[in-house]
Amino acid sequence: MRRKMVVANWKMYKTLAEVEDFTRHFPGEIAAQRTVEMVICAPFTALARLAVLLEKTALQLGAQNMYWPDEGAFTGEISPVMLRDAGVKYVLIGHSERRRYFGEEETLIHKKVAAALEHDLIPILCVGENEEQRSAGKTEKVIQEQLWGALEGLGLKNELGERMVLAYEPVWAIGTGTPARGEDAGAVAGLIRSLLREKGSGMAERMRILYGGSVQPENITDFTAQKEIDGALVGGSSLKAKSFAALVEAVLNERGA
Ligand code: PGA
């Protein structure tokens, strides 16, 4: 049984005062529940502080990026060792904003995924087509390339299913207020799982696949109700404590229904 999860991607938002404000306003009963897994992927500057603030809650800590070597002369970068040291458990890899604005490509993304696994961080690998690729009917091809580019040669054993998470984020749906339709996202998640099955059925059944792109408390269950979707990766709607709590609550209520 794959445990549902809601992952916040705070992107380049929140000063330390705003981080504290978020944790102060996040409802205690949601913070304590463990039915739905909750992760906050915060900016680097907030990680160490958040690790302390979240210590007694069920909220897990994630980063939004990392470089792959343990250490070295790489000005401006952060290593997996440093993330572990700061108390991080999850790390987003290959988010479309990294691909688009910072030129990240498959070779680098592959190295980052491998390094995250090596250091016992759980990579949340983001894949998804852009508008042009979608209109050209290339969604399947693009996703397959992104998936194999990142995963090839990793040694896809069963246990990888629990040590990694995938996020299907159609680029055209991110930050636009226009999410994919639940069934369409569910179909792509199904495609991703069938691609994974080619590499190992145990691993494919265990790996969680999230949907991301304009998810809100009002629409999250359109996605989580899909058989192949195990949660959501949320940007804008995760920034306010009330809204992030409402996302988690919606998934909790769905399970109880
Ligand atoms: P959004 O962002 O929820 O603001 O569309 C999602 C993401 O980029 O992960």
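A pocket is taken here as an open set of grid points with protein on both sides within 12 Å along at least five of seven lines, and its volume is the space filled by probe spheres set on the points. In this predicted model, the second largest pocket holds about 260 Å³ of space. Its lining consists of 21 residues, and those closest to its centre are Lys11, Gly175, Ser214, Gly235 and Gly236. By class, the lining of the second largest pocket comprises twelve polar, seven nonpolar and two charged residues.

The largest pocket encloses about 490 Å³. Fifteen residues line the largest pocket, with Lys11, Met12, Gln64, Arg98 and Phe102 closest to its centre. Two or more lining residues come from each of α3 (44–53) and α5 (96–102). The greatest contribution is that of α5, which supplies four residues. The lining of the largest pocket divides into seven nonpolar, five polar and three charged residues. Lys11 thus appears among the residues closest to the centre of the largest pocket and also among those closest to the centre of the second largest pocket.

Salt bridges were searched for over the whole structure, and 23 were found. One of them pairs Arg2 with Asp230, with 2.9 Å between the closest N and O atoms. This contact links distant parts of the chain, 228 residues apart: Arg2 belongs to the segment before β1 (5–9), whereas Asp230 lies in the loop between α12 (220–224) and β8 (231–234). Both Arg2 and Asp230 are buried.

A further salt bridge involves Arg98, one of the residues closest to the centre of the largest pocket. The side chain of Arg98 meets that of Glu104 at an N to O distance of 2.9 Å. Arg98 and Glu104 are both buried.

The pair formed by Glu145 and Lys141 has its closest N and O atoms 3.2 Å apart. Because Glu145 and Lys141 are four residues apart in helix α8 (residues 139–151), about one helical turn separates them. Glu145 has a relative accessibility of 45% and therefore counts as partly exposed, since this class lies between the limits of 20% and 50%. Lys141, with a relative accessible area of 48%, is likewise partly exposed. Elsewhere, salt bridges with shared partners connect Arg2, Arg193, Lys227, Glu228 and Asp230 in one network.

Definitions and conventions. Residues numbered from 1 in each chain as written. Predicted model: local features only at pLDDT ≥ 70, side-chain atom pairs only at ≥ 80, totals over all residues. Heavy atoms only, no water. 1 Å grid on protein atoms, 1.4 Å probe; cavity = no way out; pocket = protein on both sides within 12 Å on 5 of 7 lines; lining within 4 Å. Nonpolar A, V, L, I, M, F, W, Y, C, P; charged D, E, K, R; others polar. Salt bridge = Lys/Arg side-chain N within 4 Å of Asp/Glu carboxyl O. Buried < 20%, exposed > 50% of the residue type's maximum accessible area, 1.4 Å probe, protein only.
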